[in-house]
Amino acid sequence: MKYLSGLWPRKYKKSLGQNFLVDKNLQRKIAAGCSFKDTDTVLEIGPGRGALTRIIADKVKLLYAVEIDKDLCRHLEEEFKNSPNIKIIHHDILKLELPGYFIKPKEKIKVVGNIPYYISTPIIERLLKYRQNIEEAFLTLQKEFAKRIVAKPGSGDYGSLSCFVQYYAQAQILFTIKKNSFFPVPKVDSCFLRLNMKDKLPLGPEKEKEFFRVVRAAFNQRRKILRNSLQGVIPQSRLDHLFSKYNINKNTRPEELSQSDFINLINSQENTL
Ligand code: SAM
């Protein structure tokens with residue numbers, strides 16, 4: 001508890017998703033799990049009370065820590081005033097344009113963050129949007145959410161979030177983190193997740209939009225068989241043709257289709273017009 005007193009504000013802001021990582025062993029485990037190198041430039045999302053900031057900064061060339069809470073930023077500035085490779089940035093991560101603000105257009109950085117649960121999805125969407133500037137990201141997320149991200153076909157967790165993230169990145173849970181490693185203690189356990197951004201994507205921009213339209217439609221009504229949930233998205237005759245071409249059962253449900261099955265559906269659509 002010593003860590004929570006002293007210089008730092010005693011109160012935490014629930015509205016900003018503040019659950020601070022207070023277990024020192026976990027802090028070290030996360031820093032080691034990131035496998036950063038001394039040539040890396042790293043963006044830390046939500047440094048909070050700096051639990052990970054110093055341990056990570058000691059391993060890398062430069063660390064930008066983006067924190068929305070002004071009070072915390074003041075304390076972080078004070079805490080790290082003698083650490084030239086730590087730059088504290090008072091900003092909303094969801095409003096920060098990565099290339100241009102502090103990253104050069106072609107530069108690749110790495111990302112780490114015990115990110116606030118209330119904006120986990122938009123943060124991940126943003127990281128994937130900027131994937132050309134990001135090599136990999138290491139994120140602490142609610143366990144259930146992380147499981148949905150890495151889920152494979154056939155699992156109850158598999159859905160449009162899995163397809164969306166796995167389209168752009170390879171996702172892997174490195175380990176779980178018990179909820180009592182945080183203060184205040186959240187309701188659920190967390191997972192430490194690695195996202196490796198893919199250099200090459202399987203579809204061009206137009207087909208990519210189509211892919212996500214089909215995936216969303218398929219999982220919007222996941223209890224329905226695929227043939228019914230894609231009604232109005234892909235004409236039935238075309239669907240039947242595709243199902244037989246790719247040996248997909250007519251009564252298949254969306255969670256049984258792998259990402260490459262969905263990609264096949266998109267890729268072959270125009271050939272069957
Ligand atoms: N990294 C610290 C740790 O592990 O103890 C704090 C983690 S806490 C779960 C999330 C942090 O993100 C908080 O410090 C919170 O103020 C900050 N935060 C919340 N929303 C943010 C936003 N939109 N942009 C930047 N930081 C944000």
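**Stop 1: the second largest pocket**

Select Lys14, Asn19, Val185, Pro186 and Lys187: of the 14 residues that line the second largest pocket, these lie nearest its centre. You are looking at a predicted model, so keep that in mind at every stop. The volume of this pocket is about 260 Å³. Try colouring its lining by class, and you should find seven nonpolar residues, five polar and two charged.

**Stop 2: a cis peptide bond**

Now select phenylalanine 183 and proline 184. Is the peptide bond that joins them cis or trans? It is cis, with omega at about -10°. Most peptide bonds are trans. To place proline 184 in the chain, show the ribbon: this residue is in the loop that runs between strand 8 (182-183) and strand 9 (190-197).

**Stop 3: the largest pocket**

Next, go to the largest pocket, with a volume of about 420 Å³. Its lining has 31 residues, and the ones to select for its centre are Leu16, Gly46, Glu67, Asn114 and Pro116, which are the closest to it. Then highlight strand 1, strand 2 (41-45) and strand 3, as each of them supplies at least two residues of this lining. Coloured by class, the lining shows 20 nonpolar residues, seven polar and four charged.

What takes up this space? Show the ligand, because the space it takes is the largest pocket. Two elements give two or more residues to the shell around the ligand: strand 1 (20-21) and strand 3 (62-67).

**Stop 4: around the ligand**

Keep the ligand on screen and bring up its neighbours. How many residues surround it? There are 23, and the closest are Leu21, Gly46, Glu67, Asp92 and Asn114. Sorted by class, this shell holds twelve nonpolar, seven polar and four charged residues.

Now pick out three polar contacts, one at a time:

- Glutamine 18: look at the side chain, where an N or O atom is 2.9 Å from an oxygen atom of the ligand.
- Isoleucine 68: turn to the backbone, where an N or O atom lies 3.3 Å from a nitrogen atom of the ligand.
- Isoleucine 93: the backbone again, with an N or O atom 2.9 Å from a nitrogen atom of the ligand.

With these contacts in view, switch on a surface. On its own, the ligand has 600 Å² of accessible area, and the protein covers 99% of that.

**Stop 5: the cavity**

Stay with isoleucine 93 for a moment, since Ile93 also belongs to the lining of the largest cavity. Add the other lining residues to your selection: Leu96, Leu98, Ile123, Arg126, Leu127 and Tyr130. This cavity has a volume of about 60 Å³, and the model has one cavity of 30 Å³ or more.

Which helix gives the largest share of the lining? That is helix 5 (residues 120-129), with three residues. By class, the lining has six nonpolar residues, no polar ones and one charged.

**Stop 6: serine 35**

For the last stop, select serine 35, in the loop between helix 1 (24-33) and strand 2. Most residues other than glycine have a negative phi. What is phi here, at serine 35? Phi is near 45°, a positive value in a residue that is not glycine.

Definitions and conventions: Residues are numbered from 1 along each chain as its sequence is written. This is a predicted model: local features need pLDDT of at least 70, side-chain atom pairs count only at pLDDT 80 or more; totals for chains, interfaces and linings use all residues. Side-chain values use heavy atoms; hydrogens and water are left out. On a 1 Å grid over the protein atoms alone, a cavity is a set of points where a 1.4 Å probe fits but cannot get out, and a pocket is an open set with protein on both sides within 12 Å along at least five of seven lines; lining residues have an atom within 4 Å of a point. Grid points are joined across faces, edges and corners, and a volume is the space filled by probe spheres set on the points. Helices (H or I, at least four residues) and strands (E, at least two) are DSSP runs, numbered from the N terminus. Ala, Val, Leu, Ile, Met, Phe, Trp, Tyr, Cys and Pro count as nonpolar, Asp, Glu, Lys and Arg as charged, and the others, Gly among them, as polar. A residue is near a molecule or strand if one of its heavy atoms lies within 4 Å of it. A polar contact is a pair of N or O atoms within 3.5 Å; within protein, one must be able to donate a hydrogen and the other to accept it, and residues adjacent in sequence count only if both atoms are side-chain atoms. Accessible areas come from the Shrake-Rupley method with a 1.4 Å probe; for residues, only the protein chains shown count as cover. A molecule sits in a cavity or pocket if more than half of its atoms lie within 2 Å of its grid points.
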